[in-house]
Amino acid sequence: MVTSFANFHRFWFVQLKVMVKDLKDEHTQEAMERVMKQHQEYFVEKWEEVERDPLSVFLAPWTTTLERSLHWITGWRPTTIFHLIYTESALLFETHIIDILYGIRTGDLGDLSSSQFRLMSELQCETVKEENEITEELAEWQESASEMMSREMDMSEKITELIPIIKKADDLRMRTLKGVVRLLSQQQAMEFLIASGELLFGIRSWGMTHDASTS
């Protein structure tokens, strides 16, 4: 039910905040694994809701209008991860430019190796390709659904065809997250997970403020 998932989503978000804070404080592999497990558990629970009502997941009433405006097939766009990595890397690189010029390795996201950049670029290209394929699949569904509605046919079976599309999008999100973490050192992966968490929290906070001001 929508209400049940909305309650789960609210509690899940609170838990994620706690886990990201713990990751900041502890800087341990265990804390990082808890954050990754939290993301995985979100999709498991979400897929149950998708099976019940895929249209409600597209509507996502448990999110803010700002969050929904940024959605790609019911969630964050997988390639956003790479933009975040490159942005964080550039900011930290500028901060440590003097150390780097003297050959001092910082080991953080500003210290990505050429090999890491190459592998990251390859993963990004693969992710873009899959994103485009899933987007095209949704476009084809929308086109065929529009044709069915014009003939006043039963849409129930057609709506169930959204389920595998949503699951493919979520699977790509989680595979991309895991793929990026594997390419990073432990320190870099922790910095990335903290940055991605703070991005999610910031967007949600701005969205809640906006919705409160327009209600």
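Is Ile73 buried or exposed? I open with that residue, and I shall answer at once. At 6% relative accessibility, Ile73 counts as buried, because the cut-off for that class is under 20%. Please keep in mind throughout that what we are looking at is a predicted model.

Ile73 has a second feature to record. The residue sits in the loop between α4, residues 65-69, and α5, residues 80-95. Its phi is near 50°, which is a positive value in a residue other than glycine. His27 also has a phi near 50°, again positive and again in a residue other than glycine. That residue is found in the loop between α1 and α2. In terms of exposure, His27 counts as partly exposed, since its relative accessibility is 44%.

Let me now step back to the overall architecture. The protein has 10 helices and zero strands. Read from the N terminus, the order of elements is therefore written α-α-α-α-α-α-α-α-α-α. Along the principal axes, the C-alpha atoms fill a box of roughly 70 × 35 × 35 Å. There are 215 residues in the protein, and 41% of them count as buried. If one takes the contacts between residues at least 6 apart in sequence, 76% of these join residues at least 24 apart.

I turn next to one helix pair. In general, two packed helices are described by the angle between their axes and the distance between the axes. Helix α2, residues 29-52, packs with helix α9, residues 162-183, at an angle of about 175°, and the two axes are 10 Å apart. That angle makes α2 roughly antiparallel to α9, because angles over 145 degrees fall into that class. On the α2 side, the contact is made by Met36, His39, Gln40, Phe43, Lys46, Trp47, Val50 and Glu51. On the α9 side, the residues include Ile163, Ile166, Asp170, Arg173, Met174, Leu177 and Val181. Sorted by class, the contact of α2 with α9 has nine nonpolar, two polar and seven charged residues.

One further residue of α9 deserves mention. Gly179 has its place in helix α9, and with a relative accessible area of 7% it is buried. The C-alpha atoms of Gly179 and Leu23 are separated by 19 Å, while the two residues are 156 apart along the chain.

The next topic is the aromatic residues. How many aromatic pairs are there? The count comes to nine. In one of them, the ring centres of Phe5 and Tyr42 lie 6.0 Å apart and the planes stand at 55°, so this pair is tilted. Phe5 belongs to helix α1, residues 2-26, and Tyr42 to helix α2, so the pair links distant parts of the chain, 37 residues apart. Phe5 counts as buried at 1% relative accessibility, and Tyr42 counts as buried at 13%.

Another pair is formed by Phe13 and Phe201. Here the ring centres are 5.7 Å apart and the planes are at 70°, so the pair is edge-to-face. Phe13 lies in helix α1 and Phe201 in helix α10, residues 186-214, so this pair ties together parts that are 188 residues apart in sequence. Both Phe13 and Phe201 are buried.

Each of these two rings also has a charged partner. The charged end of Lys17 sits over the ring of Phe201, at 5.7 Å from the ring centre. The charged end of Arg204 sits over the ring of Phe13, at 5.0 Å from the ring centre.

Which residues do the ring pairs link into a cluster? They are Phe5, Phe8, Trp12, Phe13, Tyr42, Phe43, Trp62 and Phe201. Among these, Phe43 also takes part in the contact of α2 with α9.

I close with Trp12, a further member of that cluster. This residue is found in helix α1 and is buried, with a relative accessible area of 6%. Leaving aside residues up to four places away in sequence, Trp12 touches Gln38, His39 and Tyr42. Of these, His39 is also one of the α2 residues in the contact with α9. Trp12 and Tyr42 are 30 residues apart in sequence, and their C-alpha atoms are 7.4 Å apart in space.

Definitions and conventions. Residues numbered from 1 in each chain as written. Predicted model: local features only at pLDDT ≥ 70, side-chain atom pairs only at ≥ 80, totals over all residues. Heavy atoms only, no water. Axes fitted to C-alpha atoms, helices over the stretch in contact; angles between N-to-C directions. Helix = DSSP H or I, 4+ residues; strand = E, 2+ residues; numbered from the N terminus. Parallel < 35°, antiparallel > 145°, perpendicular 65-115°, else oblique. Contact = heavy atoms within 4.5 Å. Nonpolar A, V, L, I, M, F, W, Y, C, P; charged D, E, K, R; others polar. Phe/Tyr/Trp six-rings, centres within 6.5 Å; stacked < 30°, edge-to-face > 60°. Buried < 20%, exposed > 50% of the residue type's maximum accessible area, 1.4 Å probe, protein only. Lys NZ or Arg CZ within 6 Å of the ring centre and 35° of its normal.
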